[in-house]
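Work through the exercises below with the sequence and the coordinates at hand, and compare each step of your reasoning with the solution that follows it.

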Amino acid sequence: MIIGVDIGGTKVAAGLVDSTGEITHKTRVPMIPAGDAATGFAAVVNALEALFSLVPEARGAVTGIGLCAPGPLDPRTGVVLNPPNLPCWRGFPLAAETERAFGVPAKVDNDANAAGLAEFLWGAGRGYSNLFYATLGTGIGAGIVLDGKILHGRTGSAAEGGHVTIDYRGPRCACGKYGCIEALAAGPAIALRARGKLAGGEASRIVELAGGLEQIRAEHVGQAFREGDAAARQVLQETAFLLTVWLGNIVDLLEPECMVVGGGMAGLMSPFFADISKNLPRWSINQRAGEIPLVMARYGADAGIAGAAALCG
């Protein structure tokens, strides 16, 4: 048995994961992000102890603890460096502290890398040697698994796929670059595109669902699309086009055997996967780009737990 721990700015979720990638038990406790390092780590300990209380026999049977933590971090040393949404940890040796507290090996990585590995081992990417994993949500993250191993790069900072620029004249991303796919196709960008399209007063179910133009969020666009709204379809088609341009670059650089999409926005964009695959050869020098499977991830909200466990799988 392996434990996966998903650490965020507001919560710590822990789960017991078996050899098939099934999460058999889960716990969740609040994270204290703004205190000192010990208080932050106490939340991790509380989540793990709650899990052991649920399954007492796991205490002596667990062979490893994987932890997903916000970056930047060093996956080789297991040290969390200076994450903006976890100010309690600066240069914090998360892996070493977990090993000291529980007496089993511990590994640390970021959530997109880890989720990609979980999909490779147990999920939609099982059976392939190489895969590209994308997570679509408030931001866009990525993970690259080559021959069963996460590609970390020289310093552990590889696979920042969300910050690949596809339009250098495009909007400025939070990272400081211009025209990143995250700034163009993540959830806030979808909402912004919808607001711009409807600013002239065009009738749309999107505005009705949101209760006003300025309140539009990506989920309102998705719901309106499911109800047959023409403006919502157009917004998502434009988003799919931008993702096609981006994935064309990914194919030209990596030519993965499989591309797996997860995150909160994956379901919203999945009706457009077939069109993205069909149009990929127009945006890739590789004219067989459309043969690469583009599939939904197995793990949804539990991707962090499964991914963390995969680090020890």
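**Exercise 1.** In this predicted model, decide whether phenylalanine 52 is buried or exposed, and then characterise the aromatic pair that phenylalanine 52 forms with phenylalanine 102.

*Solution.* Step one: the relative accessible area of phenylalanine 52 is 6%, and because buried means under 20%, phenylalanine 52 counts as buried. Step two: phenylalanine 102, at 17% relative accessibility, also falls under that cut-off and is buried. Step three: a pair of aromatic rings is described by the distance of the centres and the angle of the planes. For phenylalanine 52 and phenylalanine 102 the centres are 6.1 Å apart and the planes are at 45°, which makes the pair tilted. Step four: phenylalanine 52 belongs to helix H1 (residues 37–54) and phenylalanine 102 to helix H2 (residues 94–102), so this pair ties together parts that are 50 residues apart in sequence.

**Exercise 2.** Determine what geometry the pair of phenylalanine 241 and tryptophan 283 has, and where the two residues lie.

*Solution.* Step one: the ring centres are 5.5 Å apart with 80° between the planes, and since planes over 60 degrees apart count as edge-to-face, the pair is edge-to-face. Step two: phenylalanine 241 lies in helix H8 (residues 230–254), whereas tryptophan 283 lies in the loop between helix H10 (273–279) and strand S13 (294–296), so parts 42 residues apart in sequence are tied together. Step three: phenylalanine 241 is partly exposed at 43% relative accessibility, and tryptophan 283 is partly exposed at 38%. Step four: a search of the whole structure finds six aromatic pairs, and ring pairs also link Phe41, Trp89 and Phe92 into a cluster.

**Exercise 3.** Work out how helix H3 and helix H11 are oriented to each other, and which classes of residue make up their contact.

*Solution.* Step one: H3 (residues 111–122) and H11 (residues 303–310) pack at about 75°, with their axes 7 Å apart; this angle lies within the range of 65 to 115 degrees, and the helices are therefore roughly perpendicular. Step two: the contact residues include Leu117, Leu121 and Trp122 of H3, and Ala303, Ala306 and Gly307 of H11. Step three: by class, the contact has eleven nonpolar residues, one polar residue and no charged residues.

**Exercise 4.** Establish the strand order of the open sheet that contains S5, S6 and S7.

*Solution.* Step one: the three strands have the order S5-S6-S7, with antiparallel pairing. Step two: strand S5 (73–74) and strand S7 (92–93) are the edge strands, each pairing on one side only. Step three: two bridges join S6 (residues 79–80) to S7, and in S7 the bridge partner of valine 79 is proline 93.

Definitions and conventions: Residues are numbered from 1 along each chain as its sequence is written. This is a predicted model: local features need pLDDT of at least 70, side-chain atom pairs count only at pLDDT 80 or more; totals for chains, interfaces and linings use all residues. Side-chain values use heavy atoms; hydrogens and water are left out. Two strands pair if DSSP finds at least two bridges between them. Helices (H or I, at least four residues) and strands (E, at least two) are DSSP runs, numbered from the N terminus. Axes are lines fitted to C-alpha atoms, for helices over the stretch in contact, and angles run from 0 to 180 degrees between N-to-C directions. Angles under 35 degrees count as roughly parallel, over 145 as roughly antiparallel, 65 to 115 as roughly perpendicular and the rest as oblique. Contact means heavy atoms within 4.5 Å. Ala, Val, Leu, Ile, Met, Phe, Trp, Tyr, Cys and Pro count as nonpolar, Asp, Glu, Lys and Arg as charged, and the others, Gly among them, as polar. Rings of Phe, Tyr and Trp (its six-membered ring) pair if their centres lie within 6.5 Å; planes under 30 degrees apart count as stacked, over 60 as edge-to-face and the rest as tilted. Buried means under 20% relative accessible area, exposed over 50%, partly exposed in between (1.4 Å probe, protein chains only).
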